[in-house]
Amino acid sequence: MIKIVPPNVKGFEFVDNVKLAGKIYQDCAVMGSVAPVRAYIQCSWFSPEEIEFMEKGLATLGQNPTISLKYSHHPLSHQYNDIDVNEHPEVMGDREWQQNTYQMDMHAMYGMDMGIGLFMPSKPDVGQTYEQGVLYALYNTL
């Protein structure tokens with residue numbers, strides 16, 4: 001594994017590799033008096049442009065020593081029955097999948113320390129907008 005050490009970050013080390021949305025990302029953390037935060041990481045993934053944006057965002061977050069990718073929630077990586085909706089988009093019309101994925105996401109939003117939105121203004125997503133509203137109501141910060 002290649003280690004990329006930010007300058008002037010004492011105690012920096014890579015903790016783990018984390019698989020999110022079918023790709024491996026490096027997850028780093030500063031081992032100190034404050035634990036890295038667990039975040040609800042929201043983003044759209046309905047087009048190649050959005051997927052590329054998501055992958056760049058996740059890679060960047062993995063380099064941030066204050067955020068734990070391993071213990072964060074990325075909805076695409078935590079789908080009901082581990083279904084890959086990019087490979088099986090038909091499942092998005094299934095009521096059981098919809099209800100259970102919604103419940104998983106709601107529980108995750110309540111259990112995280114904060115929300116991080118990887119938002120593309122050119123590709124608005126009503127689901128992401130809803131999640132931002134819930135996170136704002138819970139934490140008054142995004």
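How many of the 5 residues of strand E3 (residues 39-43) are buried?

## Strand E3 and its partner

In this predicted model, 5 of the 5 residues of strand E3 are buried, so the strand is largely enclosed by the rest of the structure. The covering extends to both faces of E3, with Ala-39, Ile-41 and Cys-43 buried on one side and Tyr-40 and Gln-42 buried on the other.

Strand E3 is joined by 5 bridges to strand E4 (residues 114-118), and the two strands run parallel. Within this pairing, Gln-42, which belongs to the face of E3 that also holds Tyr-40, has Gly-117 of E4 as its bridge partner.

## Confidence along the chain

The protein chain has a mean pLDDT of 83, with 82% of its residues reaching 70 or more. Among the elements of the chain, E3 has the highest mean pLDDT, at 94, whereas strand E1 (residues 12-20) has the lowest, at 69.

Over residues 1-8 the pLDDT stays under 50, and for this stretch the model has 13 contacts beyond four places in sequence.

## Positive phi in the loop between H1 and H2

The loop between helix H1 (48-62) and helix H2 (95-111) contains Asn-81, and Asp-82 is found in this loop as well. Asn-81 has a positive phi of about 60 degrees although it is not a glycine, and Asp-82, likewise a residue other than glycine, has a positive phi near 55 degrees.

Asn-81 has a relative accessible area of 55% and is therefore exposed, the cut-off for this class being over 50%. Asp-82 also counts as exposed, because its relative accessibility is 72%.

Notes. Residues are numbered from 1 along each chain as its sequence is written. This is a predicted model: local features need pLDDT of at least 70, side-chain atom pairs count only at pLDDT 80 or more; totals for chains, interfaces and linings use all residues. Side-chain values use heavy atoms; hydrogens and water are left out. Buried means under 20% relative accessible area, exposed over 50%, partly exposed in between (1.4 Å probe, protein chains only). Helices (H or I, at least four residues) and strands (E, at least two) are DSSP runs, numbered from the N terminus. Two strands pair if DSSP finds at least two bridges between them. pLDDT is the predictor's confidence in each residue, from 0 to 100. Contact means heavy atoms within 4.5 Å.
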